[in-house]
Amino acid sequence: MEFFNVLGDLAGGFGTALQPFNILMLLVGIALGLVVGVLPGLGGTSAVAILLPITVIIARTSPTSAVILLAGVYWGALFGGVVTSILFNIPGEPWSVVLLFDGFPLAKRKGKPGVALASSFFASFVGAFFATILFTFFARAIADFALSFGPPELFAVFILSFATLIGLGAESPAKAVMMIGFGLLLAAIGFDTITGQPRLTFGQIGLLSGIGFVPVTIGLFGIGEIIASAEEQGIGFVERLSAHVGFGDIIETLGELRKRIKLVISTALIGFWFGTLPGHGATAGSFLGYGLARQWAKNKEDFGKGEISGIMAPQAAADSAAVGSLVPMIALGVPGSPTSAVIMAGLFIWGLQPGPLLFVEHHDFVWGLIASIYLGHLFTFLICLAAVPLLASIMRIPYAILTPFIVLISIIGSYSLNNSMLDVFITIVFGLIGYWLRKTKYPLAPLVVAVVLGDSTERTLRQSLIASGGSPLILVGSPLAAILMALAVVLLAIPIYRTLRARGRRGEAALEKETVATAID
Amino acid sequence: MLLAAVAMIDSRAGALVDRTGTQPGGIGAGFYPFWSAALVFACAAFIGYRSWVTPQPGTAAFEDRAALFAALKLIIPMLVATAAIAWLGFYVVTALYMALFARWIGHYRWIWVVALAVLMPAAIYASFEIGFRVSLPKSFLYDAGLLPF
């Protein structure tokens, strides 16, 4: 019965997503996503951040159209980055770095650029399709479950999100913790919502309403990324392959896909699960997919030389992780990836409260979004198959025009939300901070997630303590909260365990050396 | 670290759990920012200590001057342009900024430079000012009634 209810809701969602204006928004989003995806130095997250203020205007008439536009950018960028990786041997997006390993070799050494591109497009499509089916059937169930959460459980969910970023992140845990602290601190600036006291404003009236999320993200991603890529311009020689995906390539790819369908579906399922974990989107998913494909393969030695599994598995996992990263955003109000953190900030700006109540209060919005994911991937897939030469030509836009244009669009974006020059200055300052953090290898994902979740984390903590009359035991009072907190502790223990084990090994090695030295003496 | 220390000092009043019962839930407005700042401070101290004890070879942020100059080429005009918006308005700054990049970085012929400097602000004006009805900052010439932007 539940199954048919979901199908009914989905049909309603398609009714919303197929409205002409929503299709137009989806196509505009995909086109923009493809452009930024192809261009190295400008990512999907940045494009979504820069577009946020414009979506406010669209959201006045329909928030569903606004979210379809932003999600379209995400899907477009997922596919667009592939073209640059395979044809130019430069990653267009962080999640297409892994395609350099086998995508470019297949295109160049084996002379099959069409097959390399088609393989990745097909795998993305299949991966995303399975992920969206999971999204369709599970998001509602998770949201229904989450509706029973009180402040202590929600606080535990937020703590678990932060713990995931620290415990499973690739970067230094200390740096991740520091970025979370910094993000929470930024979120605390302005009036305290409970007592009404100004905090960290240092007497500045402009800061009383807090630091806006939008100027911060546009700065960190839009400006920060463009400065970082400006620094890299002119370094290295760009090799260009020209290609289009022909009918023969599609037939050959379908044959290869049939041989690897189990691999593609299983990496897609794992990618989806991985994507639902906070902070881990397509990039982490793509590396996970590649690692699994290699581990499971009998022909490990072919990897790195143009093995099609090395293209299909990471692509399926990356796309499916991207879809998965929207699940906790919709169902729990916790972003699954930096891009979904920015989309979630959009929801706040449009006056929606991300989380389980969305399914109840904004039924059309949620199902319209879910239906648009199916359509978005189908459209992107078809556009990509047809328009590879056009996409490759985007790389010809000169740096001297593109860079100042992105800076100007970022300035417009941060200004237009509140007509405030202070927001523009915040964007520029955070652009410099974002650039510096990239250079010094500080992770941006924990920072963005903490800025978005900061207010909710503090609110749920204080609501819990108010309810318990100040006793912190309420935070582990219910079985669910206790389990979530325990999981968080386990995740936090992972890096400590890793460090201790590494130290232990080093210690053993040193001891062995000493023993050998003594023996020689 | 400095940033965190300043934030900690600012919110020190509410740092500790309030025993007097005057604050709802036992913690005041300063509790949360103080401990967030303390987290940043502790991590900064730890990272600083670690890099001091085990210096990583070859991790200088700018390995060559060219990279630094490439970044500064973008940063300095960006800062100047942002500061100039208050006086010259967004559209005049856009024209000058686009022209500067086209000539200086792109080495385009003057005719293209002028074309970009005119077309880009015009396109932004048409799409934002007219299309989206977003009013962007205007120049002192607008205030004097000499220019429409």
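This tour goes through a predicted model, from one helix of chain A to the contact between chains A and B and then to a nonpolar core.

Start by selecting residues 173–188 of chain A, which form helix H8. From the first C-alpha to the last, the 16 residues of H8(A) reach 23 Å, close to the 22 Å expected at 1.5 Å a residue. Now show what surrounds the helix. Of its 16 residues, 14 are buried, so H8(A) is largely enclosed by the rest of the structure. Past the end of the helix, pick Gly190(A), which follows H8(A) and has a positive phi, near 110°.

Next, colour the two chains separately and go to their contact. Chain A puts 47 residues into it and chain B puts in 46. On the chain B side, select helices H1 (2–10), H2 (31–53), H3 (65–104) and H4 (110–132), the elements that each give two or more residues. Which of them gives the most? It is H3(B), with 16 residues. By residue type, the chain B side divides into 34 nonpolar, 10 polar and 2 charged.

Last comes the largest nonpolar core, with 211 residues. Select Val48(A), Leu70(A) and Leu117(A), the residues with the most contacts inside this core. Then select domain 1 (2–53) and domain 2 (65–143) of chain B: both give residues to the core, so it lies between them.

Finish by centring on Leu70(A). Apart from neighbours within four places in sequence, Leu70(A) is in contact with Gly29(A), Val48(A), Leu51(A), Thr55(A), Ile343(A) and Gly346(A). Val48(A) thus appears again, having been named above among the core residues with the most contacts.

Methods
Residues are numbered from 1 along each chain as its sequence is written. Chains are lettered from A and ligands numbered from 1 in the order in which they are written. This is a predicted model: local features need pLDDT of at least 70, side-chain atom pairs count only at pLDDT 80 or more; totals for chains, interfaces and linings use all residues. Helices (H or I, at least four residues) and strands (E, at least two) are DSSP runs, numbered from the N terminus. The expected span of a helix is 1.5 Å times one less than its number of residues. A residue is buried if 20 or more other C-beta atoms lie within 10 Å of its own, exposed if 12 or fewer, and partly exposed in between; C-beta atoms are placed from the backbone. Two residues are in contact if their C-beta atoms, placed from the backbone, lie within 7 Å. Ala, Val, Leu, Ile, Met, Phe, Trp, Tyr, Cys and Pro count as nonpolar, Asp, Glu, Lys and Arg as charged, and the others, Gly among them, as polar. A nonpolar core is a set of buried Ala, Val, Leu, Ile, Met, Phe, Trp, Tyr and Cys residues joined through C-beta atoms within 7 Å. Domain bounds come from an automatic or database domain assignment.
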